[in-house]
Each structure stands twice: as C-alpha cells, then as structure tokens.
Amino acid sequence: MKILVNGAWRETQHAELARALEELGYGGSVVTTALNGEFIATTQRARTVLTEGDRVEVLAPMQGG
Amino acid sequence: MLSLYSTTVRSRLMLGTARYSSPAVLAQAVKAARTEIVTVSLRRESAGERAGQAFWALIRQLGVRVLPNTAGCHSVKEAVTTAHMAREVFGTPWIKLEVIGEDDTLQPDVFGLVEAARTLSAEGFEVFPYTTEDLVVAERLLSAGCQVLMPWGAPIGSGRGLNNLFGLTALRAHFREVPLIIDAGLGVPSHAARALELGFDAVLINTAVAQAGDPVQMAAAFAQAVEAGFAARQAGPIEPRDLAVPSTPLIGTAFRG
C-alpha cells in the first residue's frame, strides 16, 4: 500500500499505523503523528488503520523561536 | 519572580533555540542567558537522519522548561493539531500559539489566533498567544482563556525593537495584572532593557542572539540588559520633562545678588 509520509510516497506492508511506522524506520523514536490532518496519539497508533493514499505526518522536536 | 499560569520562574529572558551555528553554541548561549525557558518546535522527522532525536536529547540535558510553538501554522486547524502533537511529545500544557496571517511580516492572524486560543484553552492548554499590541484583540484573548500575552515588538527576526511604543505602552497600562512578554523583533540588549523598563514582564529573544557574531556573548548581554531593565522598573524611573531642571542646588550659588 502506498501512503504519503511527510510529503513523500512510501510503500508499507502494514495497515496499522504503529507497525507501518516501525517498518518505515521510526521505531524507538520520539515522534508524534497525524493522519490526514488529525492528531493520532501514540496510544491510538496500534488501532489506527491506514488506507491507500493516506497522508501521514511524523514530527519530532526541532529548533524553534 | 514571574508567574506564568501555575509556574514561577526567576529569569525574565526566554530564548529561542533556532538558527544557531551548532548545538554546542546553542547550549552555551542558553547557559549564558541564564534562562529557564526555551522555545522549541516540531518538524517533519526523517527516519534516516533522526535530527529531532538528537536535538531533544540536547534540550533535556540543559535542564530548562520548554515552550513549544506552532510556528508555520496558517490556519486554526493546523495550529490546534500542532498543539496536540506538541503536548504529546514535549509533555507540557504550554503552547506558544502562532497563527500566521501574512508571510512578508509574519504578522499574526488575530482572528484565527483568538479562535484557536479558545479551543485550546477549553482543552486544558496553557496558551501563550503571539499577538500584536492591539488592545481589543488582547481583551478577546483573555476572554478566550489566555492568562499570558506575547505581543510582538516588531516583525520576527527584524531586529527593529519596540516598533509601536505608544501601542505597547497603552497595552501595558491597560492590562496591569496580565503577564506581558515581548516576543519577536528585538535586535539589541537595549531593546530588551527598554521593554522591562516600560513594565513588560519578560522578553523572548531568538535571532538577535543566534545570528550575532558571538551568540554566547550576546546571550550574556541580553541577560544583563533584562536584569537592568527590571531593576530600573522596580526602582521607579523619573518622568520625562520637556524643560531642564537643575540637578545642582541653586541655593548659595555664587555671583547672584
């Protein structure tokens, strides 16, 4: 299934957001996620089901003013 | 001491963490500024680079409070979603709420700002709204649940200082009990000292320190200016006058009569 991760198309074998994030290399990282513009808490990732073409944002702490 | 919602801090200088030449310089600047609060943000994380992980580890080592922002958000929806994401990652109800309305000046969209502030306050966030010096907008933000206001001094990164002195002074006079933090646009330590002398409770500095020739020395200079400005305010500055008033007593002056 193809999904848009941080603006780039990526292929994932997993429909659950939590497993897709691990597959994409985010395992163990301090990140926060949104699916199609809606915040998805860490506790919700395991039961959040992805569909083809979904937009996933994976954000992390960064410098800011 | 400065009370921000239920938190009390000693330092009246907040520091942004962006645009430093290296993480080491940032860390040294934070220490030189003697700040207790730094602003941070959220950005897309690359699974390969993991830049965010290294940055977050550095910030945690510094032992300061973080004030996450919603920089880059141009709509209420984006800002509210970003705030939720920030609360999860940073573990704080604090949010420096930015809803940008115009890209050339990075002027706040005050209509969206009030709406987002109302939504987030109702959800338990402690909102620090980046706003203008507009009194009516300030009133609306307070009605929306904000207990702190962050009026701009000048456009972000411009270094122009307190651009609308009359408006900012009026804001301070009107809201005597509300913590007011000058956010954005200060360029040199004298701008910060002036803000504190006028009775503002604190300042937030980023570009003026990060882009200085020597950021660490500039951070120390801002710290001194903020302390001097606050002390001067406490000491009670004299009122400006149009005409001279002799400082040397006239009684006993020679050659008179």
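Which strand of chain A do five bridges join to β4(B)? The answer is β5, residues 55-63 of chain A, and the two strands run antiparallel. Keep in mind that what you're looking at is a predicted model.

## Meet the two chains

Let's start with chain A. Its secondary structure comes to one helix and five strands. Walk along from the N terminus and you'll meet them as β-β-α-β-β-β. A compact globule with 65 residues would have a radius of gyration near 11 Å, and chain A agrees, since its own value is 11 Å. Along its principal axes, the C-alpha trace of chain A spans about 35 × 25 × 20 Å.

Now for chain B, which has nine helices and 12 strands. Its radius of gyration is 20 Å, close to the 18 Å that the globule rule gives for 257 residues, so chain B is as compact as a globular protein of that length. The C-alpha trace of chain B spans about 90 × 40 × 35 Å along its principal axes.

## Where the chains touch

Time to look at the interface. On the chain B side, 30 residues are in contact with 29 residues of chain A. The size of an interface is often given as the accessible area lost when the parts come together. Here, the two chains bury about 2400 Å² between them, and 57% of that is on carbon and sulfur atoms. Three residues to find in your viewer are B:R44, B:M85 and B:E88: they supply 26% of the area that chain B buries against chain A, more than any other three residues.

What about polar contacts? Between chain B and chain A there are 20 residue pairs of that kind, counting pairs with both residues at pLDDT 80 or more. On chain B's side of the interface, the elements that give two or more residues are β4 (37-44), α2 (51-62) and α3 (76-90). Of these, α3(B) gives the most, with seven residues. Sort the chain B residues that touch chain A by type and you get 11 nonpolar, 11 polar and eight charged.

## Charged pairs across the gap

Side chains of opposite charge can pair when their charged atoms come close. Over all chains, the structure holds six salt bridges, and two salt bridges are found across the interface of chain B and chain A.

One salt bridge brings together the side chains of A:E38 and B:K77, at 2.4 Å from N to O. Another is formed by B:R44 and A:E57, whose closest N and O atoms are 2.8 Å apart. B:R44 lies in strand β4 of chain B and A:E57 in strand β5 of chain A, so this pair joins two chains.

## Strands side by side

Strands of a sheet pair through backbone hydrogen bonds, either parallel or antiparallel. You can see the antiparallel kind between the chains, where five bridges join β5 of chain A to β4(B). To spot one position in that pairing, find A:A60, which stands opposite B:R43 in β4(B).

For the parallel kind, look inside chain B. There, an open sheet of three strands has the order β6-β9-β10. β6 (94-97) and β10 (150-151) stand at the edges with a single partner strand each, so one side of each is left without a neighbour in the sheet. Four bridges join β6(B) to β9(B), residues 126-131, and these strands run parallel. Among the residues involved is B:I95, whose bridge partner in β9(B) is B:V127.

Note on methods. Residues are numbered from 1 along each chain as its sequence is written. Chains are lettered from A and ligands numbered from 1 in the order in which they are written. This is a predicted model: local features need pLDDT of at least 70, side-chain atom pairs count only at pLDDT 80 or more; totals for chains, interfaces and linings use all residues. Side-chain values use heavy atoms; hydrogens and water are left out. Contact means heavy atoms within 4.5 Å. Buried area is the accessible area (1.4 Å probe) that two parts lose on being put together, summed over both. A salt bridge is a side-chain nitrogen of Lys or Arg within 4 Å of a carboxyl oxygen of Asp or Glu. A polar contact is a pair of N or O atoms within 3.5 Å; within protein, one must be able to donate a hydrogen and the other to accept it, and residues adjacent in sequence count only if both atoms are side-chain atoms. Ala, Val, Leu, Ile, Met, Phe, Trp, Tyr, Cys and Pro count as nonpolar, Asp, Glu, Lys and Arg as charged, and the others, Gly among them, as polar. Two strands pair if DSSP finds at least two bridges between them. The radius of gyration is taken over C-alpha atoms; the globule rule is 2.2 Å times the number of residues to the power 0.38.
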